[in-house]
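User: I would like to go through this model step by step, with questions and reasoned answers. Could we begin with the terms that a newcomer has to know?

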Amino acid sequence: MFIGTLRLELYMPQCGSLKEKRQVIKSIIDRTHSRFNVAIAEVGKNDLWQVSSLGVACVGNSELSVRRTLGQVNRSIMATGKAEILESPLDIQTS
């Protein structure tokens, strides 16, 4: 079993309030969860208007499938145009 985690540091220059940021983050989380069946949540920078940290986790039977899924998640979030990804460290563990 392979467990992959991805931490995304997002920048959203269009957000002028926490309410706007939460709308953007909620849409990204909902869309990502439904499209890729991964666990995803906001894990940091909750009180800042234009930045956020998202954590994504995926489990699979091969390292390649986990890497592929998390890569697709990364590309999908970039393609929305709602947020710029500043950093996206990926970690894969075997168990």
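Analyst: Helices and strands are here runs in the DSSP assignment, a helix being a run of H or I with at least four residues and a strand a run of E with at least two, and both are numbered from the N terminus. The model itself is predicted.

User: In which loop is the place of K45?

Analyst: The phi of K45 is near 60°, which is a positive value in a residue other than glycine. At 40% relative accessibility, this residue lies between the 20% below which a residue is buried and the 50% above which it is exposed, so K45 counts as partly exposed. As for its place in the chain, K45 belongs to the loop between β2 and β3.

User: Does N37 count as buried or exposed?

Analyst: N37 sits in the loop between α1 and β2, the strand of residues 39-44, and its phi is positive, at about 55°, although N37 is not a glycine. A residue is called exposed when its relative accessible area is over 50%. The relative accessibility of N37 is 66%, and therefore N37 counts as exposed.

User: At what angle do helix α1 and helix α2 pack?

Analyst: Two packed helices are described by the angle between their axes and by the distance between those axes. Here helix α1 covers residues 18-36 and helix α2 covers residues 63-80, and their axes are 11 Å apart. The angle at which these two helices pack is about 140°.

User: Why is α1 described as oblique to α2, and of which hand is the crossing of α1 and α2?

Analyst: The helices α1 and α2 pack at an angle of about 140°. Angles over 145 degrees count as roughly antiparallel and those from 65 to 115 as roughly perpendicular, so the angle makes α1 oblique to α2. The crossing of these two helices is right-handed.

User: How many nonpolar, polar and charged residues has the contact of α1 with α2?

Analyst: From α1, the contact is made by I28, R31, T32, R35 and F36, and from α2 by T69, Q72, V73, S76, I77 and T80. Sorted by class, the residues in this contact are four nonpolar, five polar and two charged.

User: Which residues of α1 does S76 touch, and is S76 buried or exposed?

Analyst: S76 is found in helix α2, and its relative accessibility is 9%, so S76 counts as buried. Leaving out residues up to four places away in sequence, S76 touches three residues that α1 brings to the contact between the helices. To take the two parts together, S76 is buried, and the residues touched are R31, R35 and F36.

User: Against which elements do the buried residues of α2 pack?

Analyst: Helix α2 has 18 residues and reaches 26 Å from its first C-alpha to its last, close to the 26 Å expected at 1.5 Å a residue. The buried residues in this helix are V66, T69, L70, G71, V73, N74, S76 and I77. They pack against β1 (2-11), α1, β3 (51-60), β4 (84-87) and β5 (90-94).

User: What distance separates the C-alpha atoms of L6 and G71?

Analyst: L6 is in strand β1, and at 5% relative accessibility L6 counts as buried. Among the residues that L6 touches, not counting those up to four places away in sequence, are L70 and N74, which are buried residues of α2. L6 and G71 are 65 residues apart along the chain, and their C-alpha atoms are separated by 9.2 Å.

User: With which residues is E63 in contact, once its neighbours within four places in sequence are left aside?

Analyst: E63 belongs to helix α2, and with a relative accessible area of 33% E63 is partly exposed. The C-alpha atoms of E63 and Y11, which are 52 residues apart along the chain, are separated by 29 Å. Apart from its neighbours within four places in sequence, the residues in contact with E63 are F2 and I92.

User: Which residues does L48 touch, not counting residues up to four places away in sequence?

Analyst: L48 lies in the loop between β2 and β3, while S17 lies in the loop between β1 and α1. The C-alpha atoms of S17 and L48, 31 residues apart along the chain, are separated by 8.6 Å. At 43% relative accessibility L48 counts as partly exposed, and the residues that L48 touches, again without those up to four places away, are L18 and K21.

How values were computed. Residues are numbered from 1 along each chain as its sequence is written. This is a predicted model: local features need pLDDT of at least 70, side-chain atom pairs count only at pLDDT 80 or more; totals for chains, interfaces and linings use all residues. Side-chain values use heavy atoms; hydrogens and water are left out. Axes are lines fitted to C-alpha atoms, for helices over the stretch in contact, and angles run from 0 to 180 degrees between N-to-C directions. Angles under 35 degrees count as roughly parallel, over 145 as roughly antiparallel, 65 to 115 as roughly perpendicular and the rest as oblique. A crossing is left-handed if the near helix is turned anticlockwise from the far one by less than a right angle, and right-handed if clockwise. Contact means heavy atoms within 4.5 Å. Ala, Val, Leu, Ile, Met, Phe, Trp, Tyr, Cys and Pro count as nonpolar, Asp, Glu, Lys and Arg as charged, and the others, Gly among them, as polar. The expected span of a helix is 1.5 Å times one less than its number of residues. Buried means under 20% relative accessible area, exposed over 50%, partly exposed in between (1.4 Å probe, protein chains only).
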